[in-house]
Amino acid sequence: LKLCAVPVAVSGEDLLKNSGKYQIMDLFEKRIENAQKTMCNKMSEAVYGDGTAASGKAIGGLALLVADAPATGTVGSINRATSGNEFWRNQSTTAATAFTTETLRPAMDKMYLSLCRGSDKPDLIIAGNSLYSMFEQSLAALQRYTEPKLAEAGFTSVSYTHLTLPTIYSVFDGGQGGNCPEDKMYFLNTNYIYLRSHKDRDMKVIGGERMAVNQDAIYKIVGWAGNMTMSNAALQGVLIDKGE
């Protein structure tokens with residue numbers, strides 16, 4: 001279980017200035033909204049990590065669950081390096097030479113096919129600046145489709161299709177505030193990988209107002225508890241660019 005908390009403070013002076021008929025907005029309400037945005041940004045960063053940040057308090061993210069070196073490390077108390085635990089290793093491919101618009105798409109097709117098992121198939125691709133831009137350029141001569149629901153959620157996406165493959169969506173998580181590494185493209189089956197939140201601490205205010213002991217201010221704390229989990233590693237993959 002990993003924990004995240006953001007304190008929200010309002011000084012006594014601000015409360016007095018923003019009270020009675022002079023009140024413009026609920027200061028706590030607005031600052032809690034900002035705190036939730038801050039928490040989302042921090043969690044987005046942690047989702048791509050290996051769980052060692054913040055002295056091990058960060059989420060065990062994709063760098064741990066869908067590792068560059070699948071035969072190393074321990075995930076869910078299972079040592080991936082141990083013989084007999086091969087089932088708990090994800091797929092990982094590093095390009096022999098730097099990808100180009102001509103070589104990226106075949107590599108994506110190969111990774112996709114390696115993650116298909118019966119009706120189980122990847123349903124989400126996440127990429128950073130470099131590989132997403134290269135993927136878009138490789139589609140310049142093709143008709144492209146976007147997913148309205150992903151757009152509404154704030155993600156830029158284009159469809160990834162093959163003559164014999166169903167459509168899945170490639171999502172861009174780079175730019176300002178994006179955290180997906182530029183040299184990686186994650187192929188995920190979201191039926192088997194989850195961000196689990198505790199029902200009693202899902203970006204909620206913990207307890208009530210708390211008076212500061214050494215200043216004229218009132219605090220509230222917004223908290224989250226949970227972790228990323230996975231029930232099938234073999235159906236998750238990462239494609240890694242060799243770079244220059």
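Asp14 counts as partly exposed in this predicted model, because its relative accessibility comes out at 25%. Its salt-bridge partner is Arg31, and the closest N and O atoms of the pair are 3.4 Å apart. Arg31 is also partly exposed, at 29% relative accessibility. What makes this pair worth a look is where the two ends sit: Asp14 belongs to helix α1 (residues 12-17) and Arg31 to helix α2, so the contact links distant parts of the chain, 17 residues apart.

That's one of 6 salt bridges that turn up when the whole structure is searched. Another joins Asp120 to Arg117, with 2.7 Å between the closest N and O atoms. Here the two ends fall into separate classes. Asp120 is buried, because its relative accessible area is 13% and the cut-off for buried is under 20%. Arg117, at 43%, is partly exposed. Then there's Lys199 with Asp200, where the closest N and O atoms are 3.3 Å apart; both of these residues are exposed.

Back to α2, since it shows up again in the second largest pocket. That pocket holds about 270 Å³ of space. Its lining is made of 17 residues, and those closest to the centre are Lys42, Ala46, Ala54, Ala58 and Ile59. Three elements give two or more residues to the lining: β1 (2-11), α2 (27-47) and α3 (53-56). Of the elements, α2 gives the most, with 4 residues. If you're wondering about the chemistry of the wall, the lining breaks down into 9 nonpolar, 3 polar and 5 charged residues.

Now move along the chain to strand β5 (residues 124-127). In a regular strand, side chains alternate between the two faces of the sheet. You can follow that here: Leu124 and Ile126 point one way, Ile125 and Ala127 point the other way, and all of them are buried. The strand pairs with β8 (residues 184-188) in the antiparallel sense, over 4 bridges. To find the register on screen, look for Leu124, which stands opposite Leu188 in β8.

Helix α6 (residues 129-138) is the last stop. Which of its residues are buried? They are Leu131, Tyr132, Met134 and Phe135. Look down the axis of α6 and these buried residues fall within an arc of 160°, so they line one face of the helix. The spacing fits the usual geometry: an α-helix has 3.6 residues a turn, so residues three or four places apart point the same way.

Terms used:
Residues are numbered from 1 along each chain as its sequence is written. This is a predicted model: local features need pLDDT of at least 70, side-chain atom pairs count only at pLDDT 80 or more; totals for chains, interfaces and linings use all residues. Side-chain values use heavy atoms; hydrogens and water are left out. On a 1 Å grid over the protein atoms alone, a cavity is a set of points where a 1.4 Å probe fits but cannot get out, and a pocket is an open set with protein on both sides within 12 Å along at least five of seven lines; lining residues have an atom within 4 Å of a point. Grid points are joined across faces, edges and corners, and a volume is the space filled by probe spheres set on the points. Ala, Val, Leu, Ile, Met, Phe, Trp, Tyr, Cys and Pro count as nonpolar, Asp, Glu, Lys and Arg as charged, and the others, Gly among them, as polar. Buried means under 20% relative accessible area, exposed over 50%, partly exposed in between (1.4 Å probe, protein chains only). Two strands pair if DSSP finds at least two bridges between them. The arc is that of the directions from the helix axis to the C-beta atoms. A salt bridge is a side-chain nitrogen of Lys or Arg within 4 Å of a carboxyl oxygen of Asp or Glu.
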